[in-house]
Amino acid sequence: MEIENIKKISEELKEGATLSFYSSKKWYSKIIPFFSREAKGENPPVHVGICWEIKREGNFCEFFLSEQGFNGGSYQKVKIANHNNYYFFKSFSNSEYKISDRLNDYEKVNVLNLKKPLTQEQIRKGIEDAKSQVGKKYNYLQFLLAAEFFEKILPKFILKKLGKSNLNICSMHIVKNYYKIGVIKAKPIGIVSPNELIKFDIFE
């Protein structure tokens with residue numbers, strides 16, 4: 001990831017922002033766009049996460065990244081350091097090393113701040129919900145059914161039922177969080193892919 005991209009995260013990130021990740025070096029990121037329902041010519045994100053507890057002090061910016069990945073739900077601290085205008089992910093522990101190393105695997109990360117600032121109560125509820133998702137298993141079936149092919153052939157009542165079931169894929173993890181704190185007023189029917197999530201009219 002380029003320094004300017006890391007700098008942008010450090011300077012622009014706000015509470016409850018979504019981060020959209022693009023072009024990981026991992027092999028499985030190559031198949032994810034198939035399930036993202038992208039239009040021709042689009043470059044869809046391969047992953048999304050939501051950010052909480054953002055703190056800036058001196059040359060550091062830190063926040064917690066709440067995400068649902070193939071290894072299950074997590075809530076991990078991310079630290080960005082600025083040394084003479086050189087921005088990089090800083091590691092102080094083994095767990096932070098793992099996440100900073102993984103973040104550097106992505107070609108680009110976009111910051112999607114919410115249009116409407118969150119209240120302290122919304123932030124509290126968002127953090128509470130994010131922490132409650134830690135350790136929950138990834139829903140591989142829901143991930144597979146996110147492919148547009150299945151949306152075209154499955155009855156709407158099945159998609160609606162899936163939308164109310166285990167929401168443990170990265171994009172639905174965020175949809176549920178936003179719904180719980182009132183950013184999204186109505187829970188979408190069916191499954192929302194990362195590429196659909198970033199187009200919601202809730203972001204700046």
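Helix α7, which covers residues 170-181, has twelve residues and reaches 17 Å from its first C-alpha to its last, close to the 16 Å expected at 1.5 Å a residue. This helix belongs to a predicted model, in which the secondary structure of the protein chain comes to eight helices and six strands. Of the 204 residues of the chain, 50% count as buried, and residues 24 or more positions apart account for 67% of the contacts with a separation of 6 or more.

**Overall order of elements**

- Read along the sequence, the protein chain follows the pattern α-β-β-β-β-β-α-β-α-α-α-α-α-α.
- In helix α1, which spans residues 3-12, the buried residues are Asn5, Ile6, Lys7, Ile9 and Ser10, and what covers the buried residues of α1 includes the strands β2 (47-57), β3, β4 (72-83), β5 (86-90) and β6 (108-112).

**Helix α7 and its partner Asp129**

- Helix α7 is mostly covered, with ten of its twelve residues buried; these are Cys170, Ser171, Met172, His173, Ile174, Val175, Lys176, Asn177, Tyr178 and Ile181.
- Just after α7, Gly182 takes a positive phi of about 90°, and Gly182 is also one of the residues that line the second largest pocket.
- Asp129 lies in helix α3, which runs over residues 120-132, and, when residues up to four places away in sequence are not counted, Asp129 touches Lys176, Asn177 and Lys180.
- Asp129 counts as buried because its relative accessibility is 4%, which is under the 20% that sets the limit for a buried residue.
- Of the residues that Asp129 touches, Lys176 and Asn177 are themselves among the buried residues of α7.

**Strand β3 around Phe64**

- Phe64 has its place in strand β3, which covers residues 60-69.
- Leaving aside its neighbours within four places in sequence, Phe64 is in contact with Ile50, Cys51, Trp52, Glu53, Tyr75, Gln76 and Lys77.
- Phe64 and Cys51 are 13 residues apart in sequence, while their C-alpha atoms are 5.7 Å apart in space.

**Salt bridges**

- A search of the whole structure finds eight salt bridges, and among them is the pair of Glu67 and Arg102, whose closest N and O atoms are 2.4 Å apart.
- This pair links distant parts of the chain, since Glu67 is in strand β3 and Arg102 is in helix α2 (residues 94-103), 35 residues apart.
- Which partner of this bridge is buried, and which is partly exposed? Glu67 counts as buried because its relative accessibility is 4%, whereas Arg102 is partly exposed, with a relative accessible area of 24%.
- Glu121 forms a salt bridge with Arg124, the closest N and O atoms being 2.7 Å apart, and because these two residues are three residues apart in helix α3, they are separated by about one helical turn.
- Arg124 also forms a salt bridge with Glu128, where the closest N and O atoms are 3.3 Å apart; Arg124 and Glu128 both lie in helix α3, four residues apart, which is about one turn of the helix.
- An α-helix has 3.6 residues a turn, so residues three or four places apart point the same way.
- Glu121, Arg124 and Glu128 are thus linked in a network of salt bridges.
- Glu121 counts as partly exposed at 40% relative accessibility, and Arg124 likewise counts as partly exposed at 40%.

**The second largest pocket**

- About 190 Å³ of space lies in the second largest pocket.
- The pocket is lined by Leu114, Lys115, Lys116, Pro117, Leu118, Thr119, Gln122, Gly182, Val183, Lys185 and Ile202.
- By residue type, this lining divides into five nonpolar, three polar and three charged residues.

Key:
Residues numbered from 1 in each chain as written. Predicted model: local features only at pLDDT ≥ 70, side-chain atom pairs only at ≥ 80, totals over all residues. Heavy atoms only, no water. 1 Å grid on protein atoms, 1.4 Å probe; cavity = no way out; pocket = protein on both sides within 12 Å on 5 of 7 lines; lining within 4 Å. Points joined across faces, edges and corners; volume = space filled by probe spheres on them. Nonpolar A, V, L, I, M, F, W, Y, C, P; charged D, E, K, R; others polar. Contact = heavy atoms within 4.5 Å. Expected span 1.5 Å × (residues − 1). Buried < 20%, exposed > 50% of the residue type's maximum accessible area, 1.4 Å probe, protein only. Salt bridge = Lys/Arg side-chain N within 4 Å of Asp/Glu carboxyl O.
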